2 protein chains.
Amino acid sequence: MAESTRERILDAALRAYGTDGFAATSLDALAADLGIRKQTILYYFPSKHAVFEAVVDRAASDLVKVFEEEAARGIDGLDQVEAIVKRVFRLAVRRPQLLGLIREVTRPGSLSIDRLSAHTAPIFDRARDFLQREMDAGRMRPSDPEMLLLSLYSTVVGVATELEVQRAMGISDSLRGAVARRQELIRFLRAALEPV
Amino acid sequence: MAESTRERILDAALRAYGTDGFAATSLDALAADLGIRKQTILYYFPSKHAVFEAVVDRAASDLVKVFEEEAARGIDGLDQVEAIVKRVFRLAVRRPQLLGLIREVTRPGSLSIDRLSAHTAPIFDRARDFLQREMDAGRMRPSDPEMLLLSLYSTVVGVATELEVQRAMGISDSLRGAVARRQELIRFLRAALEPV
DNA sequence: ACTTCTCTCTACCAATTGGTAGAGGACCGT
DNA sequence: ACGGTCCTCTACCAATTGGTAGAGAGAAGT
């Protein structure tokens, strides 16, 4: 069976919101992209903002699922970090708008930030505990795990999503470029995290 | 003398565009914030987008000036990196919307990215050369300077601007929090960059 | 007194915005 | 054949959007 209308709307909305942003994407534009009328969108969702929230919910579960799967494998130390970074990167290459949406939600003026946090809080907690454990075990350079987590988050999301900055720096944005970026990022993170 | 109307418009526009974004800020809202009519704004700037470009230009020069000043002092190695990070952080604390605007311009769907690059390209080049020089001199872990620059950029801008993510992680966003964040960031970067 | 220039305003506009009301078709079980 | 539910549509709306035209106030120069 073909994809349901509701799913198609969410797909198109993720693309649009993750690229141009929420405010810059009208319901009419979204509908035109799908070849339907905006009233059809408003049949499935009570308002424009409700579409956004549904997109955020779905994107958040997708991300959380990736983390859960990777954490379930129970790898140790920097290999665990590397495995997660690789998966986030794969996600970012396949669906760049997904992390773009996260950036949209986490902007200062945004609503729905609480909606996202509700999903991600558990994995943040788990990540913090993981870092603390690894430090205690001497497999990672000791530091404040919360701050370290923030640095890791910023670095990974930035390198994965800042395509325009890369263009401005003259870095290739081909698939091969993405692999090179990932490799360099992992080396960077390993150097930052390795115990002395 | 009081600040000119034109400057006041640019100030308010930076605040609004850097927080809520370009699309989400109407000329009417901007004018209301200033206690004037939007036609006054359109007297100084031919269009809404022209306001944005002027804001980008000013923000870019401010940023470039910071780098020029810091680079002119000719410090070596990681101390130079630390000095620049500190200054960027000071800027981010005093005028958070400035880096917020950069994030807005560098989003995938954005126009005006070329306008920003035109300003920043020289300092990117200089930064790349600096990293290369330091690596050659053995004062920095060798790696691809372009990729390293991207990692550095992502980490610094992320840690400085992702206030909502920090809130979601439960990190304090007080001034003291900013200092702690900066310290941890610098330790993180030093660890990542130090030669083996 | 005169014009000229600078600035901010009122008045207005066509287009687009998110959203409502409700018609009508397709498919369902009865 | 019939009522009901699901879905997509046309028609419409008030509010807001970016932008135009031009009036009028004030200061400055002549």
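A residue counts as buried under 20% relative accessible area, as exposed over 50%, and as partly exposed in between. The structure is a predicted model, and the exercises below use this cut-off where a step needs it.

**Exercise 1. Classify Glu53(A) by its relative accessible area, then find its salt-bridge partner and state what the pair ties together.**

Step 1. Glu53(A) has a relative accessible area of 22%. This value falls between the two limits, so Glu53(A) is partly exposed.

Step 2. The side chain of Glu53(A) meets that of Arg115(A) in a salt bridge, with 3.5 Å from N to O.

Step 3. Arg115(A) belongs to helix α7 (residues 113-136) of chain A and Glu53(A) to helix α4 of chain A, so the pair ties together parts that are 62 residues apart in sequence.

Step 4. Arg115(A) is also partly exposed, at 33% relative accessibility.

**Exercise 2. Which residue forms a salt bridge with Glu7(A), and which helices does the pair join?**

Step 1. The partner is Arg58(A), and the closest N and O atoms are 2.9 Å apart.

Step 2. Glu7(A) sits in helix α1 (residues 5-19) of chain A, while Arg58(A) sits in helix α4 (residues 48-72) of chain A; the pair therefore ties together parts that are 51 residues apart in sequence.

Step 3. The relative accessible area of Glu7(A) is 29%, which makes this residue partly exposed.

**Exercise 3. In the salt bridge between Glu70(B) and Arg73(B), decide for each residue whether it is buried or exposed.**

Step 1. The closest N and O atoms of Glu70(B) and Arg73(B) are 2.7 Å apart.

Step 2. Glu70(B) has 2% relative accessibility and counts as buried.

Step 3. Arg73(B) has a relative accessible area of 58% and is exposed.

Step 4. For chain A, note a network of salt bridges that links Glu69(A), Glu70(A), Arg73(A) and Arg87(A). Over all chains, the count of salt bridges comes to 46.

**Exercise 4. Describe the protein surface near DNA strand C.**

Step 1. Count the residues: 16 surround DNA strand C, and Lys38(A), Lys48(A), Gln39(B), Thr40(B) and Tyr44(B) are the closest.

Step 2. Sort them by class: five are nonpolar, seven polar and four charged.

Step 3. Assign them to elements. α2 (27-34) and α3 (38-44) of chain A and α3 (38-44) of chain B each supply at least two residues. The most come from α3(B), with four residues.

Step 4. Look at the phosphate oxygens of DNA strand C. One is 3.0 Å from a polar backbone atom of Leu27(A), and a backbone N or O atom of Lys48(A) lies 2.7 Å from a phosphate oxygen. For Thr5(B), an N or O atom of the side chain is 2.8 Å from a phosphate oxygen.

Step 5. Turn to the strand itself: of its atoms within 4 Å of the protein, 55% belong to sugar or phosphate and the rest to bases.

**Exercise 5. How many residues of each chain are in contact between chain A and chain B, and how much area do the chains bury between them?**

Step 1. In chain A, 50 residues are in contact with 50 residues of chain B.

Step 2. The two chains bury about 4,400 Å² between them, with 65% of it on carbon and sulfur atoms. On the side of chain A, Met147(A), Met169(A) and Phe188(A) lose the most area to chain B, together 16% of what that side buries.

Step 3. Four salt bridges cross the interface of chain A and chain B. Glu104(A) and Arg107(B) form a salt bridge, their closest N and O atoms being 2.7 Å apart.

Key: Residues numbered from 1 in each chain as written. Chains lettered and ligands numbered in written order. Predicted model: local features only at pLDDT ≥ 70, side-chain atom pairs only at ≥ 80, totals over all residues. Heavy atoms only, no water. Near = heavy atom within 4 Å. Polar contact = N/O pair within 3.5 Å; in protein donor to acceptor, adjacent residues only side chain to side chain. Nonpolar A, V, L, I, M, F, W, Y, C, P; charged D, E, K, R; others polar. Buried < 20%, exposed > 50% of the residue type's maximum accessible area, 1.4 Å probe, protein only. Contact = heavy atoms within 4.5 Å. Buried area = accessible area lost by both parts, 1.4 Å probe.
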